[in-house]
Structures are given as structure tokens and as C-alpha cells.
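Notebook open, coffee poured. I wanted to look at the ligand site first and then at one helix.

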Amino acid sequence: MLSFQQNQIPEFLLHPFLLSLVSLFSIYILKKCIPFKPFSKTKRLPPSPPKLPILGNLHQLRPLTHRSFQSLGRKYGPVMLLHFGSKPVIIVQSAKAAIEIMKTNDIAFANRPDMNAARRLTYNGKDISMSPYGEYWRKLKSVVVIHLLSNKMVQSFNFIRQEETALLMKKIKSLSCSNSSSSPVNLSEMFTSQTNDVICRSAFGRKYSEGEDGKKFLMLIKELFHLIGTIGIGEFIPCLSWINNVNGFDAKVEKVAKELDCFLDQVIQEHQNIINARVLVKNDTDTVMDESRQNFVGILLGIYNDNAAGVSIDADNIKAIILDVFIGGTDSTTATLVWAMTELLRHPIVMNKLQKEIREILMDKHDINDKDLEKMHYLKAVVKETLRYHAPVPIFNREAREDAKVMGYDVAAGTMILINAWAIGRDPTYWDEPEIFKPERFLDSSLDITGLDFELLPFGSGRRRCPAITFAMANVEIVLANLLQKFDWELPHGIKPEDLDTLELHGTTIHKRNPLFASPTHFYF
Ligand code: HEM
């Protein structure tokens, strides 16, 4: 995720020099020009750690924010009030409180916080993830849910997943044959390119991993991730907003936004040209539309050209939706695959049990389809446990549209809400031995990941939940099933399973900090 969650505190904000500088000036500025706006004294506010003037509680956060929140929550409870500079932020870290946000008061909390850089990068919030709740957002989300990511559409992209996974297996096989048996392959790198290729083909109808244009686009997406995950200091401390200008952050946002726009214009124009040319040659609009509507851009252009009442969209909508697909889909899916394989390598008994299930169901069948995956209950349990234990989007955000109450506390309109799905997934109130990776916990359980069970929220819940659960899971499952059917895996250089690191890299999506290497041996069946 969705990487739209602006939860990452920039490192420079935590730099000791800046902290002391800001603290020194803070009392002066506080007296002179910053009228703190506390909620009314008559309101019942959530517990809150002591805060500094100007910085609020920012100095108490570390780059792995989900872990900072969890440890503060142990002291201050599952609903706590922090201040990011002058901005009040409520941190939610229990399933009970999450229900009140995303079920009981879903509409009251259906906005996203408005952040300058993210807004600029998403066509002024014309995308789904940033746009405020309302008619416009509803229209866009229904376009995506009905036309791009419905079960039928996800099924129709099965051939893309199969082809790209087959290529991945071929690559691994050739590396495992050419190398000595102990030579490891970089699974992190391979998952990144498989996921990018599947999303590119679904979105654009072709891959962009080769060729100069494509490489530039993938670089731009990388920069986009970085910028969206970094909050300019001025968002929380308005009197320091000039820093974004001086340090080049604003200019960088502008440059990336323009270059992405240029690239997407080109892609849309190419698609429109194909549609026009085919109309001229065949003069058979229906056939032309059917052929061109096999990828997201084609489908969206079809809606744009039809201009049907109620679902009309403009060119910026198309571009913003496509960006959402990349921002939301690439990093989170890759991270899920890397964490799943990491845990399987750390737990050989689980890996063997999963291999047994997959090989028994498939026998000597090479191509794995959605029907085969349906039968793989242990695989589904492994994926759920991965999403619980390593929620790829550990924190997602909302904003209160009106005054509301959460667990008896008053929350003022405009307050930012951060839901720590990672901490909820490890809460001992709901989970037996939460710090242990144990897929068996899901075998006799009806808990699901679609946002109905609030102790497990990898995709969020309520109106703003992720629209791509089926799309994302289909790719994760097909890759894992193939990897484990076709290869046996071990850790390189005699690393013991318990010594494989699970260090995290901070960001909106939590990746494994060090790339995952593992040694494959081809399994003949
Ligand atoms: C394992 C993969 C993924 C995970 C863990 C994930 C997680 C999330 C989360 C936690 C949210 C916020 C939900 C909320 O606020 O309640 C979200 C929203 C979203 N995701 Fe995903 N996501 C994944 C894959 C994808 C993919 C593949 C796409 C697109 C093809 C996508 C598109 C979106 C969009 C557009 C939103 C915004 C929805 C809205 O604001 O209404 N995600 N995702």
C-alpha cells in the first residue's frame, strides 16, 4: 500500500542537531508566534506521552514507526494521542478501536490526510487513495472495483501471471544449473521484477522492464515511492516549511510529477492511436473495443471515450488511477513474497509441509492455475500468517471528517488517524504466541484478510480498504506454489535457518533490509 500512507518520519527530522536547534528556539517561538490549539478542555482526550514545544512527540519516534508506536502503546494504551509538531494524531493499535474507526464510524473517518507532496504527485489528489471521501472518490473507486479489479478481471489476467511466473522459474532454473549447487539466487530482485512485469502488463498491456523508456519509468516509480513516503517537515511544523524549498525537496517533487505525467501521456496516446487505427481499418467498433480493453489503460480509455453517464472520467483520472496501481501494487506484493520465503527458509518444517501439499495436489502438472491454488489450504495459511507477522503496509491512515468518538475519547474533525495493523497483528489479546510464525493457527480458523476480522488488517477495512486483494493474492500464491513445486530451497553458505535475519527497512511498505538469497535445487517430477 499501499504506499500512500505518509507515516514515515524523515531521518533528518530526527537528527540530534536539528532536534536541539528546534528545542532552543521553540520556547521563544512558542511565546511569540505559535498558538498551540489544544482540543477543548471539556473534551475527553486519549492518553498522551509528554510532548516538546514545536516538535510535539516527533522526537519519540524512530524510523521503524510501527515499532515506536507499539512500544509507546504498551505504556499509553491502544488509543493514544500524539502530536506531530502541532498536528494531533491518534494512534490506533487494537482490534476493538479499529472496529470503531472502520466499521462503527467508517464514514466519519473516511478521509485521508492531505499531504502536499503526495497530493502533487497524484494529480492534486485526483487518484483514489488520496482523494477525500465523497461523490468523486466513490465514482473512481467503483470504476476500479468494477472495471479493473473485479474477480472476472483478475481471472482474465491469469495468463499474465502464468507467463511471468514461468519466466521466473526458467530464470531460476538456468541459474541453478549454471551455478554450482550451492550458488544462491537473489530472490528479492527476482520478485521485484516479476511483480513489476505483471503489473506493467496488466496496466499497459506490455512490459517496461526492457528499453530505455521502461527503465526510466521504473526509476521514476522508485523516486515516487521515496517522495510519497517522506513527509516534508513543513507539514507538521508550518514555520519550518521553507526547509522543503531550500533542501530541494519541493523541486524534486515537481520534477518527478512532470516526468511521470509526460510518460503517462505518451502511454495513453499510444493506446488511443491503436484504437483509432483499428477503427479506421476495421470500422468495427465493438471488436476494436474488445481487443483494446485487455489492460487497465485500454479499459479506462474505453470508459473515457464512451463518456457514459455517471462514469465519465478525464485524462488526469486515468493517469492518477494508473499511478495508484503502481504505488499500491508493486512494493506491497514484492514485500509479501520476500517475507513469505524468508519465513519458510527460517522454518524448514513449515516449508516441507507446504511443499508436500503443493506436490501432492499438482502431481506432475506444470502449469498451476487458480483452481489448483484453491485446493492449497496450507499455502493460504502460510500467506495469511506472513501478512499477520509482517504486515507489508504496517500503518495506514485516515482523517476524521467530523467530530467523533473512539472508545469513549473525543476526536476532533481534521485529526489524523494512524492504524497500526502490524501491532494489531501481534497483539497478545487476540493472538496466541504472536511472536511465533505459525501458519497452523489459520487451518481451523475462519479468520480472513478482507477486512471483516479486525485483528487481521493487512488490507485495511471499510470503505477505504484495498480494492486489489484478489489481484495481489493471486500473484503471491502462484509464485510461491511454483517456487516450492519446482525447487528445493536452502540457505546459502551454511547459514542456519534461525540465523537468517529479519531486519526491516523503514518506509511506507516494510521490506526486508537485506536482500534475500537462497539456493535452489531443481526438483524433477
Ligand atoms: C500484498 C499487497 C497489498 C497490500 C498489503 C495492500 C494494502 C493496502 C492497505 C493497508 C490499504 C489502506 C486500506 C485502508 O485505508 O483501509 C490499501 C489501499 C489501497 N490499495 Fe492496496 N495493498 C496491496 C496491493 C494492492 C494492489 C496490487 C493495488 C492495485 C492494483 C492496490 C491498490 C490500492 C488502492 C488504490 C488503495 C486505496 C483505496 C482507497 O483509498 O479507497 N493495492 N492497500
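Below are my entries on the ligand, its iron and one helix.

**Ground rules.** I'm working from a predicted model, where local features need pLDDT of at least 70, side-chain atom pairs count only at pLDDT 80 or more, and totals for chains, interfaces and linings use all residues. Residues are numbered from 1 along each chain as its sequence is written, and side-chain values use heavy atoms, with hydrogens and water left out.

**The iron.** I asked which protein atom donates to the iron atom of the ligand. The only protein donor is Cys466, through SG, at 2.4 Å; donors here are N, O and S atoms within 2.8 Å of the metal (3.2 Å for Na, K and Ca), and with water not among the atoms, sites may look incomplete. I then checked UniProt, where an unreviewed entry lists Cys466 under "binding site"; its positions are in the numbering used here, feature names are shortened, and annotations may be inferred rather than shown by experiment.

I found Cys466 in the loop between helix H18 (421-424) and helix H19 (469-486). Helices (H or I, at least four residues) and strands (E, at least two) are DSSP runs, numbered from the N terminus. Cys466 counts as partly exposed because its relative accessible area is 26%; buried is under 20%, exposed over 50%, partly exposed in between (1.4 Å probe, protein chains only).

**The shell.** I got 29 residues around the ligand, the closest being Arg112, Lys141, Arg398, Arg464 and Cys466; near means a heavy atom within 4 Å. They split into 15 nonpolar, eight polar and six charged. For that split, Ala, Val, Leu, Ile, Met, Phe, Trp, Tyr, Cys and Pro are nonpolar, Asp, Glu, Lys and Arg charged, and the others, Gly among them, polar.

I also noted distances to ligand oxygen atoms: a polar side-chain atom of Arg464 sits 3.0 Å from one, and a backbone N or O atom of Ser461 sits 3.2 Å from one. Helix H5 (135-148), helix H14 (315-346), strand E4 (395-399) and H19 each give two or more residues to the shell. H14 gives the most, with seven.

**Helix H13.** Is H13 (residues 296-306) largely enclosed or open? Largely enclosed, because eight of its eleven residues are buried; Phe296 and Ile303 are among them. After H13 comes Asn307, with a positive phi near 50 degrees.

Notes
A polar contact is a pair of N or O atoms within 3.5 Å; within protein, one must be able to donate a hydrogen and the other to accept it, and residues adjacent in sequence count only if both atoms are side-chain atoms.
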